[in-house]
Amino acid sequence: MVGAWDWDIESDLVVADAQFARLFGMDETEAAQGLPIKAYEDAFHPEDRERVTEAIDHSVRTGAPYECEYRVRRPDGGWRWVLARGQVERDDQARPRRFPGVAVDITQRRDMEDALADAVSALAASESNFRTLADTMPQMVWATQPDGFHDYYNARWYEFTGVPVGSTDGEGWNGMFHPEDQDRAWARWRHSLETGEPYEIEYRLRRADGVYRWTLGRALPVRDKDGRIIRWFGTCTDIDDLKQAQAARDVLSQELSHRIKNIFAVVSALVALTGRQHPEAAEFARSLRTRVQALARAHEFVRPHTSASAPSVGSTTLHAFLGDLLRPYASTERGNVVIEGRDAIFDDQAATPVALLFHELATNAAKYGALSSDGGRVTISSEAVEDRYRLTWAETGGPIIETEPTDMGFGFNLAKLAVEGQLGGSLERRWRREGLLLVADLPVTALSRRRHAVL
């Protein structure tokens, strides 16, 4: 059973389809209209809640897709195992708004794995009993010798693949997978054999009718009393339905993000056109357009990406984001922009206020400050002190500052409001003779999502 949910974070309502409602024992009509997240929290097994929350936190902090297995209470009082996958989507201000995802009932698989584990424990006493048990399972089960030589598959394997018994012994198993997955499967399997680490991989397995189905392969070593590996036992689980549902969700997410990107381009073009039609507003139009472009760069950095569209700057960290944002102002030859100190995981929660703040600082420095002089230099330092994270912007080598400016400017006021309102931080500005010094003091959690989902 595969179900889908869509959590509106702001309203705190989870809209779910009938399958997802049945997984959690909820009324289908109420689930379709939307239920508070608390209604689903109550169904989680107490031992799983903290682990699920940590998995969500890891996903939103690192940008990795959310994936977790956990138990939910069944109407009869028992427990059902669920595998859930999803990812937070953002609005045009880069704020988390929705958390859609899919979930599949894996109770049967977990029960079979538990039964298999019990059978493995008794294998030394009764190999024949294990084979009988494995052959009655609907799960694909296989086993190898300590060196990885495949010498056993249960009846379900041969039923699914349609190959003759014994034809996939030894190294023949790898030919059953999609050509694009075979090298990866070999590399992962060799790594497990060399290290003794559990084997886990997703690959496409050829079914008897020639169709490739996405499959989750897992294997664990069995060791003797001295710790030596004496067997490997594994399973293959068909997860193709879950992969297809996830792929459809990803396509929708990419399309939405692409449309948002186009909106930024249209707004920027409209501002430029208005500035040309009204010369008296040209300076305002230029300023507004550069701010829109800064927000567009922030969206481009944190939006969902395919492998082809991903930014070339690398992982989503604060230093990478600042380097990308300030690239138009940086000179490789002069090294006039330096970013140093402790880096931090960076996500869409902080993208807009950080982009506004550092865009304004860089623009002003290019017009009046350190970046307006050949010998000028800007150093951005970052440090974490207990529960605070500090960013320091220091200008040197620019025009000498004789008197402190009295007008903060609209752009800086906007950035200050964003930093204080959205990130809960504070800004301190000091006009030194050699250049501006600004310190942004933020909570240590400000650069990553503070609101955790519980799905």
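Which residues of H11 are buried? They are Leu-318, His-319, Ala-320, Phe-321, Leu-322, Asp-324 and Leu-325, where buried means under 20% relative accessible area, exposed means over 50%, and partly exposed lies in between, with a 1.4 Å probe and protein chains only.

## Basis of the description

This is a predicted model, in which local features need pLDDT of at least 70 and side-chain atom pairs count only at pLDDT 80 or more, while totals for chains, interfaces and linings use all residues. Residues are numbered from 1 along each chain as its sequence is written, and side-chain values use heavy atoms, with hydrogens and water left out.

Helices (H or I, at least four residues) and strands (E, at least two) are DSSP runs, numbered from the N terminus. Two strands are said to pair if DSSP finds at least two bridges between them.

## Helix H11 and the sheet it crosses

Helix H11 covers residues 318–325, and because 7 of its 8 residues are buried, the helix is largely enclosed by the rest of the structure. H11 lies across S13, strand S14 (377–385) and strand S15 (388–396), and runs at about 175 degrees to S13; contact here means heavy atoms within 4.5 Å, and axes are lines fitted to C-alpha atoms, for helices over the stretch in contact, with angles from 0 to 180 degrees between N-to-C directions.

The open sheet to which these strands belong has 5 strands in the order S13-S14-S15-S17-S16, and its pairing is mixed. Its edge strands are S13 (337–341) and S16 (426–432), each of which pairs on one side only. Neighbouring strands of this sheet are turned by 15 degrees against each other on average, direction ignored. At the S16 edge, 7 bridges join S16 to strand S17 (residues 435–443), and the two run antiparallel; within this pairing, Leu-427 has Ala-440 in S17 as its bridge partner.

Val-338 lies in strand S13. Leaving aside residues up to four places away in sequence, Val-338 touches Arg-377, Val-378, Thr-379 and Ile-380. The C-alpha atoms of Val-338 and Trp-393 are separated by 9.9 Å, although these residues are 55 residues apart along the chain.

## Strand S7 and its partners

Strand S7 (residues 96–105) is mostly covered, with 7 of its 10 residues buried. Strand S1 (residues 2–8) pairs with S7 in the antiparallel sense over 7 bridges, and in this pairing Asp-6 stands opposite Pro-100. Strand S5 (residues 79–86) also runs antiparallel to S7, joined to it by 5 bridges, with Gly-86 opposite Gly-101. Strand S6 (residues 89–90) pairs with S7 in the antiparallel sense over 2 bridges, and Glu-89 stands opposite Arg-98.

## The hairpin of S1 and S2

S1 also pairs with S2 in the antiparallel sense, over 4 bridges, and Asp-6 stands opposite Val-15 in S2. The two strands form a hairpin with 4 residues between them, and Asp-12 in the turn has a positive phi of about 60 degrees.

In a regular strand the side chains alternate between the two faces of the sheet. Strand S2 (residues 13–16) has a covered face, made up of Val-14 and Ala-16, and an uncovered one, made up of Leu-13 and Val-15. S2 pairs further with strand S3 (residues 35–36), in the antiparallel sense and over 2 bridges, where Leu-13 stands opposite Pro-36.

## The antiparallel sheet and helix H8

An open sheet of 5 strands follows the order S9-S8-S12-S11-S10, with antiparallel pairing. Strand S9 (150–153) and strand S10 (199–206) are its edge strands, each pairing on one side only. On average, and with direction ignored, neighbouring strands of this sheet are turned by 25 degrees against each other. Helix H8 (residues 179–195) packs on the sheet and touches S8, S9, S10, strand S11 (212–223) and S12, its direction making about 155 degrees with that of S10.

Strand S8 (residues 140–144) and strand S12 (residues 229–238) pair in the antiparallel sense over 5 bridges, and Trp-142 stands opposite Gly-234 in S12.

## Cysteines

The structure holds 0 disulfides, a disulfide being a pair of cysteine sulfur atoms within 2.5 Å. Cys-68 is buried, with a relative accessible area of 6%, and Cys-236 counts as buried at 2% relative accessibility.
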